[in-house]
Amino acid sequence: KAVKAPKLADPKEASIDLGTQELLARAQKLGIDTVFDRAVSMKPCAIGMQGICCKNCSMGPCRLPLPKGGIEGEDDRKGLCGATANTIAARNFIRMIAGGASAHSDHGRCVAEVFLSAARKETEAYQIKDTEKLLAIAPHLGVATTVEVDGETKDRDIDEIALEVGEVAMAEWGKPSGELLYMKRAPEALYEKWKKQGVLPRNIDREIVEIMHRTHMGVDQDYKNLMKQGTRAALADGWGGSMLATDLQDVLFGTPYPLQSEANLGIMKEDHVNIIVHGHEPVLSEILVAVAQSQEMIDYAKEKGAKGIQLGGICCTANELLQRHGIPTAATFLQQELAIITGACDAMVVDIQCIMQNLANVAKCFHTKLITTHPIAKMEQDNVIHIEFDEHHALEDAKRIVKMSIDNFANRGTDVVIPPYKTTQIAGFGVESIQYHLGGTFRGTYYTLNDNIINGRIRGIAGVVGCNNARTKHNDGHVRVVKELIKNDVIVLTTGCNAIACAMEGLLTPEAAAVHCGPGLAEICETVGIPPVLHLGSCVDNSRILLAATEVVKAGGLGNDICDLPVAGSAPEWMSEKAISIGHYFVASGVYTVFGVTLPTSGAPVFHDYISKEMENIYGGKWDLEVDPVKHAQLMIAHIDKKRKELGIDK
Ligand code: SF4
Ligand code: MSK
């Protein structure tokens with residue numbers, strides 16, 4: 001019997017990026033399967049996609065397909081226990097929020113632990129680097145920065161402040177009473193709204209645990225009440241775990257400021273030792289950078305026949321190292337297997353989140369050392385090396401990894417293919433640098449953001465973020481949504497893999513303004529020398545977008561709540577549970593948020609209407625879904641125009 005050849009992806013249909021197309025074709029020629037091919041040969045479950053498959057007990061899975069042509073009359077679909085489509089979809093949705101919020105927040109907890117070690121001076125590898133930022137966040141955690149001595153106000157000792165900040169921050173994950181301290185950083189009107197709705201998070205862990213309880217078989221069976229808890233946990237992520245992760249990382253490693261770098265797989269060098277770091281934790285990779293850039297290691301690499309060491313990043317570890325050190329970005333989420341398929345990846349060092357298990361299978365076909373570093377993220381395949389990272393031995397761990405990578409350079413085959421494509425990018429933005437570059441404040445001069453929104457040169461602000469998804473053409477949605485926005489004078493704040501996609505397309509340069517922007521936005525970008533798309537960092541750094549929106553509100557002239565602003569959010573190619581948590585904390589903070597690809601709500605139309613219509617009456621923000629990138633951006637622009645009209649600043 002003839003064996004049927006596996007279905008393969010058409011490289012030109014799989015990605016808009018030439019390097020990705022070339023490496024995918026190479027993988028197919030070598031008989032190595034990648035996520036692009038698996039997406040062709042394995043189709044998703046239609047019922048699961050619609051959010052209406054429940055497997056929360058062993059009487060299921062109970063599948064409630066929506067009848068063809070929709071529901072006429074009463075929707076009487078139910079699982080064995082009687083759970084309705086709305087209950088099942090809401091339970092599934094908030095379990096995704098729990099997954100996403102826990103990923104961001106557990107990462108934040110690790111950072112807080114390292115921060116405390118540094119504050120206690122238990123480790124030589126980490127120090128409190130950015131004392132200005134420490135002093136800026138301390139009051140939000142109720143930590144005094146001055147002290148009264150003999151009736152005189154004096155600056156408090158920095159080490160003492162750091163220690164107290166670390167201890168108070170750690171308590172946010174599990175304190176027994178009260179509410180998350182950072183919630184008060186939001187505009188007052190928004191804080192009061194959350195209070196009235198009863199969704200102020202108590203502590204980070206508790207909100208996530210309560211989702212797991214309430215979605216257990218036979219507990220909460222009211223989709224609105226389930227979403228209330230989903231909201232509380234999502235807020236605990238955005239204004240809690242993620243915001244603490246961002247702030248503590250800034251204090252430990254430095255607040256990012258704009259810098260120049262490069263993006264795409266073309267940053268890898270044939271004659272260098274290529275070390276690719278991938279995942280989300282800057283805690284180890286920060287030390288890896290220092291070690292890889294040390295003269296000792298550069299000399300060792302030269303001894304072994306290489307010209308030097310090239311570091312590159314994938315996903316949000318990439319974004320963290322780019323923002324603070326200008327380390328070039330090698331790849332988006334969907335290109336991770338391809339980085340190994342170049343044949344030039346001497347080591348891939350992975351930490352947590354967005355790491356495909358198939359990396360181990362691809363690495364087997366090449367000389368690449370695949371190194372896991374985190375105790376909670378190991379791989380079962382026997383070619384994977386685990387070097388567990390510990391902040392107390394950070395330097396030794398990093399040296400071991402870099403040396404192992406250098407030693408592996410000699411094991412390369414002759415089969416190196418690095419696609420010759422890379423772009424220049426200006427990254428490293430944050431609330432502080434947006435303010436600095438646009439007039440040093442948010443309102444009152446020719447350059448400031450609020451004034452330019454009011455006078456209409458900038459039509460509005462969009463936060464465009466999120467992953468790649470193998471069910472849609474790689475980077476196509478990201479780039480087309482962003483281009484449509486900037487063409488219509490909407491400035492874009494970006495993070496995650498959207499930022500990497502935009503960088504690969506050359507949109508993170510001031511020069512992109514003249515080519516792609518409407519006249520108002522182009523004028524501003526050219527005058528102050530910023531790109532029309534501002535890279536704000538990693539997934540946890542979406543908290544920077546919340547704070548940027550808050551600063552715009554506080555500066556005045558554009559209403560008194562985030563939901564008053566001409567602002568919209570987007571994740572054109574999302575795939576992870578983290579994206580649902582991010583989407584929901586944006587919605588609950590008052591932002592109209594459009595997702596691409598699909599939403600796991602279509603099988604429960606009443607629930608879908610609740611989050612995409614009714615929710616606006618509660619929080620001022622709502623969900624939407626639009627697969628077509630241009631229509632997607634146009635929906636955001638229509639919302640921005642509606643807000644401009646309500647503010648009375650329409651041209
Ligand atoms: Fe089915 Fe109810 Fe069990 Fe879910 S909880 S699997 S709907 S019986
Ligand atoms: S890395 S969560 S694929 S953005 Fe943060 Fe990219 Fe999404 Fe991972």
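Visitor: Before we look at ligand 2, what puts a residue near a molecule?
Guide: The test uses the C-beta atom, placed from the backbone. A residue is near a molecule if that atom lies within 6 Å of it.

Visitor: Good. In this predicted model, which residues come nearest to ligand 2?
Guide: Yes, the model is predicted. There are 13 residues around ligand 2, and by class they split into seven nonpolar, five polar and one charged. The ones that come nearest are C315, C354, C467, G496 and C497.

Visitor: Which helices each supply at least two residues of that shell?
Guide: Start with the domains: the shell draws at least three residues from each of domain 2 (265-411) and domain 3 (427-647). As for helices that each give at least two shell residues, look at 315-325 and 496-504, that is, α13 and α20.

Visitor: And which helix gives the largest share of the side of domain 2 that touches domain 3?
Guide: The C-alpha centres of these two domains lie 32 Å apart, and 13 residues of domain 2 are in contact with 17 residues of domain 3. On the domain 2 side, seven residues come from one helix, the largest share. We've met that helix in the shell around ligand 2: it's α13.

Visitor: Over to β3 and β4, then. Which residue in their turn has a positive phi?
Guide: Strands β3 (residues 146-149) and β4 (residues 152-155) run antiparallel, joined by four bridges, with T146 opposite D155. They form a hairpin with two residues between them. In that turn, the residue with a positive phi, about 50°, is D150.

Methods:
Residues are numbered from 1 along each chain as its sequence is written. Chains are lettered from A and ligands numbered from 1 in the order in which they are written. This is a predicted model: local features need pLDDT of at least 70, side-chain atom pairs count only at pLDDT 80 or more; totals for chains, interfaces and linings use all residues. Ala, Val, Leu, Ile, Met, Phe, Trp, Tyr, Cys and Pro count as nonpolar, Asp, Glu, Lys and Arg as charged, and the others, Gly among them, as polar. Domain bounds come from an automatic or database domain assignment. Two strands pair if DSSP finds at least two bridges between them. Two residues are in contact if their C-beta atoms, placed from the backbone, lie within 7 Å.
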